[in-house]
Amino acid sequence: MKAIQRTLAGFLLLLTAGWALSEPGDLVAIASFFDFRSLFMQWSGVIAIGVMSLAMILSLRPAVLEPYLGGLDKLYRLHKWLGITALGITLAHWLMAKSPKWLIALGWLERRGRRPRPSFPEGSLQGLFAGLHGLAEDVGEWAFYGALVLMLIALIKAFPYRRFVQTHRLLPLAYLALVFHAVILLKFDAWRGPIGPLLVALMALGSVAAVSSLLGWRPGRRPVTGTVTAVAADAIDPVLTVDLRLDPGWPGHTAGQFAFVTFDSREGAHPFTLASAWRGDGYIQFRIKALGDYTRTLAARLHPGARVSLEGPYGRFTFGGNAARQIWIAGGIGITPFLARLQALAATPDGRRTDLFHCTARYSADAVRQLRHATDAAGVRLHMLWDERDGRLDAARLAETVPDWRDADIWFCGPAPFGDALRTGLVRLGLPARRFHQELFEMR
């Protein structure tokens, strides 16, 4: 999380510094509300189009950036916070644009006479931009309204995932309209300052990403098709096990990674963690918990022979690191990446001493028996914690159960509040935060 926060803060500071260096005289010449408004409109416009551009670039799932933030799940979290930042800044930008009219109507501000329009050489680029100001303002205002609705749909989880996917596909259109708005209304002299090249690069890449998204083209990993070979529903837990046979083209994956899976083109792709290690034979497995309106219907929808599409693999939850000791903690369906890792270790041991804590609200003797067989084959020590019988796992309990926990890298997959509480507790006991690995498996 700190890497995401640092990246977002650093990016905002970079944009602000570039803008400030491009407006040196105006920053010290604020003599009225209108002077402040003019500066705020320029600054907020730069910040808004900058963060929207980076969010648009990240929407292409650039795997090349995964190592810098620790996985695509972290990139998606950054994408989400960029969207929230853009929402706040564009709202402030719009309010400031409308504020003189409202303040004058309330009698709190005196109307300012129109300033004479500057003249430009006939046919000059600056003159062309000046002539487009009115159009750019109208386009920007309507694009703002559209983007506001689309971003609210994305953030309000009461809207079904399917509707979110369908409406989110329109966001690139709003972005391209806002690029036009920003290009025309940024002060012409600012393009010659440090902010100019930075915005050109961001908006160019963002525009390419927007057009790619509209065309349904994603650079890098191409989707691979496959066939469902088996579907099995758990008798106790609402979990569906889905086995697939992939067509040629899958690059292979490391235990702990995930893929975007399309079972129904109308629904779109959903991210699911791979529950099996890659053996090179084309067979993979997913374990899918019924958590949403769509996943609850999968048991009735899926059947052997159904065709699917996968894109991936993605993610950096891959059990790396130099520590000879590892502790794994799974909450509920968070056991999935550990199942894949157990298969991989059974085939190729890595020499580490590993403890697995599986914390579950529902107890299945058959599932426990299968898990114990897998951990025995992989040489991993299993700790089963059934909430009703054993209570919740916390940092103190973990430290007492595994005395040499300070020597371990800790890998957690499960509910975010549970992971956050464990991380906080262990860091307070002396664990370096960088050694607690938590997947932020939330793509919306």
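Which strands does helix 15 (residues 416-428) lie across? In this predicted model, helix 15 lies across strand 7, strand 8, strand 10 and strand 11, and it runs at about 170° to strand 11.

## The five-stranded sheet

Strands 7, 8, 10 and 11 belong to an open sheet of five strands, whose order is 9-8-7-10-11 and whose pairing is parallel. Strand 9 (381-386) and strand 11 (436-438) stand at the edges with a single partner strand each, so one side of each of these two strands is left without a neighbour in the sheet. On average, and with direction ignored, neighbouring strands of this sheet are turned by 15° against each other.

Within the sheet, strand 7 (residues 325-331) pairs with strand 8 (residues 353-360) in the parallel sense, over seven bridges. Tryptophan 328 has leucine 356, in strand 8, as its bridge partner. In general, the strands of a sheet pair through backbone hydrogen bonds, either parallel or antiparallel.

## A second helix across the sheet

Helix 11 (residues 336-347) lies across strand 7, strand 8 and strand 10 (408-413), and its direction is at about 140° to strand 7. Strand 7, strand 8 and strand 10 are also among the strands that helix 15 lies across.

## A nonpolar patch on the surface

Elsewhere in the chain, Leu152, Leu155, Ile156 and Phe159 make a nonpolar surface patch of about 300 Å². Leucine 152, one of these residues, is found in helix 6 (residues 133-155). Because its relative accessibility is 36%, and partly exposed covers the range between the 20% limit for buried and the 50% limit for exposed, leucine 152 counts as partly exposed.

Key. Residues are numbered from 1 along each chain as its sequence is written. This is a predicted model: local features need pLDDT of at least 70, side-chain atom pairs count only at pLDDT 80 or more; totals for chains, interfaces and linings use all residues. Side-chain values use heavy atoms; hydrogens and water are left out. Patches are made of residues with over 30% relative accessible area and no salt bridge: like charges are joined within 9 Å, nonpolar side chains (Val, Leu, Ile, Met, Phe, Trp, Tyr) within 5 Å. Accessible areas come from the Shrake-Rupley method with a 1.4 Å probe; for residues, only the protein chains shown count as cover. A salt bridge is a side-chain nitrogen of Lys or Arg within 4 Å of a carboxyl oxygen of Asp or Glu. Helices (H or I, at least four residues) and strands (E, at least two) are DSSP runs, numbered from the N terminus. Buried means under 20% relative accessible area, exposed over 50%, partly exposed in between (1.4 Å probe, protein chains only). Two strands pair if DSSP finds at least two bridges between them. Axes are lines fitted to C-alpha atoms, for helices over the stretch in contact, and angles run from 0 to 180 degrees between N-to-C directions. Contact means heavy atoms within 4.5 Å.
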